[in-house]
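This report goes through one protein chain, beginning with its overall build and then turning to a handful of individual residues. Please keep the sequence and the model in view while reading.

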Amino acid sequence: MKAITIHTALDALLNQKHLPLEKVLNRHFSPDYRQRTNGQWDDREGFMRHARKLREVVVSARIEILEELRDGDHYADRHRVRITKRDGSQVIQEVYLFAQIDQDGRFARIEETTLMLEGAETDRDIGSAK
């Protein structure tokens, strides 16, 4: 099995909308997945609502991995996401991410902090929009 990366998961989520959301989540995120973004925790159901919202708003996303580390079931990276929204506007965020991988190679937990580099003030919380 190929080791999971946030690039692979985000690309499937944001750029491969022909794939059913449930299939993408099952492939990349464990059933008991939890995520904390900028201090706010979500369970898998909350993350699914967030993913649905992103699929509604985002036309495409370019994910650029700046740094990436892996140690056993621990994963960390710093990446930039360049989003083009349906209204034509763009958002660029830099994300600092720490994760734990489950025994099946999926994300079990992600804790991340986002830094908006470009975009409207209303897009500041796109990383946790629902």
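How much area does the protein chain expose, and what percentage of it do carbon and sulfur atoms supply? The protein chain exposes about 7100 Å², and 48% of that area is supplied by carbon and sulfur atoms; accessible areas come from the Shrake-Rupley method with a 1.4 Å probe, and for residues only the protein chains shown count as cover.

The model is predicted, so local features need pLDDT of at least 70 and side-chain atom pairs count only at pLDDT 80 or more, whereas totals for chains, interfaces and linings use all residues. Residues are numbered from 1 along each chain as its sequence is written, and side-chain values use heavy atoms, with hydrogens and water left out.

## The chain as a whole

The protein chain has three helices and six strands, where helices (H or I, at least four residues) and strands (E, at least two) are DSSP runs numbered from the N terminus. Read from the N terminus on, the elements run α-α-β-β-α-β-β-β-β. The radius of gyration of the protein chain is 14 Å, close to the 14 Å given by the globule rule for 130 residues, so the chain is as compact as a globular protein of that length; the radius is taken over C-alpha atoms, and the rule is 2.2 Å times the number of residues to the power 0.38. Along the principal axes, the C-alpha atoms fill a box of roughly 40 × 30 × 25 Å.

Of the 130 residues in the protein chain, 45% are buried, a word used here for under 20% relative accessible area, with exposed meaning over 50% and partly exposed in between (1.4 Å probe, protein chains only). Among contacts (heavy atoms within 4.5 Å) between residues at least 6 apart in sequence, 55% join residues at least 24 apart. The chain carries 22 positive and 23 negative charges, and their mean positions are 4 Å apart; Lys and Arg count as positive and Asp and Glu as negative, while His and the chain ends are not counted. Each charge is placed at NZ of Lys, CZ of Arg, CG of Asp or CD of Glu.

## Polar side chains

Lys17 sits in the loop between α1 (6–15) and α2 (21–28) and is partly exposed, with a relative accessible area of 29%. Although Lys17 and Arg55 are 38 residues apart in sequence, their C-alpha atoms are 7.2 Å apart in space, and Lys17 is in contact with Arg55, Val58 and Val59 once neighbours within four places in sequence are left aside.

Arg78, in strand β4 (residues 74–85), is partly exposed at 21% relative accessibility. Leaving aside neighbours within four places in sequence, its contacts include Glu64, Ile65, Leu66 and Tyr96.

Gln35 belongs to strand β1 (residues 29–37) and is buried, with a relative accessible area of 7%.

The table gathers polar contacts of these residues, each a pair of N or O atoms within 3.5 Å; within protein, one atom must be able to donate a hydrogen and the other to accept it, and residues adjacent in sequence count only if both atoms are side-chain atoms.

| Side chain | Partner | Distance |
|---|---|---|
| Lys17 | Leu14, backbone oxygen | 3.2 Å |
| Lys17 | Val59, backbone oxygen | 3.3 Å |
| Arg78 | Glu67, side chain | 2.8 Å |
| Arg78 | Glu94, side chain | 3.1 Å |
| Gln35 | Thr37, side chain | 2.8 Å |
| Gln35 | Glu112, side chain | 3.1 Å |

## Other residues

Where is Asn38 placed? Asn38 is in the loop between β1 and β2 (40–43), and it is partly exposed, with a relative accessible area of 39%. Asn38 has a positive phi of about 50° although it is not a glycine. Most residues other than glycine have a negative phi.

Leu117 lies in strand β6 (residues 107–118) and counts as partly exposed at 44% relative accessibility. Not counting neighbours within four places in sequence, Leu117 is in contact with Arg80, Ile92, Gln93 and Glu94.

Is Ile4, in the segment before α1, buried or exposed? Ile4 counts as buried at 7% relative accessibility, and it touches residues including His28, Arg70, Tyr75 and Phe107, when residues up to four places away in sequence are not counted.
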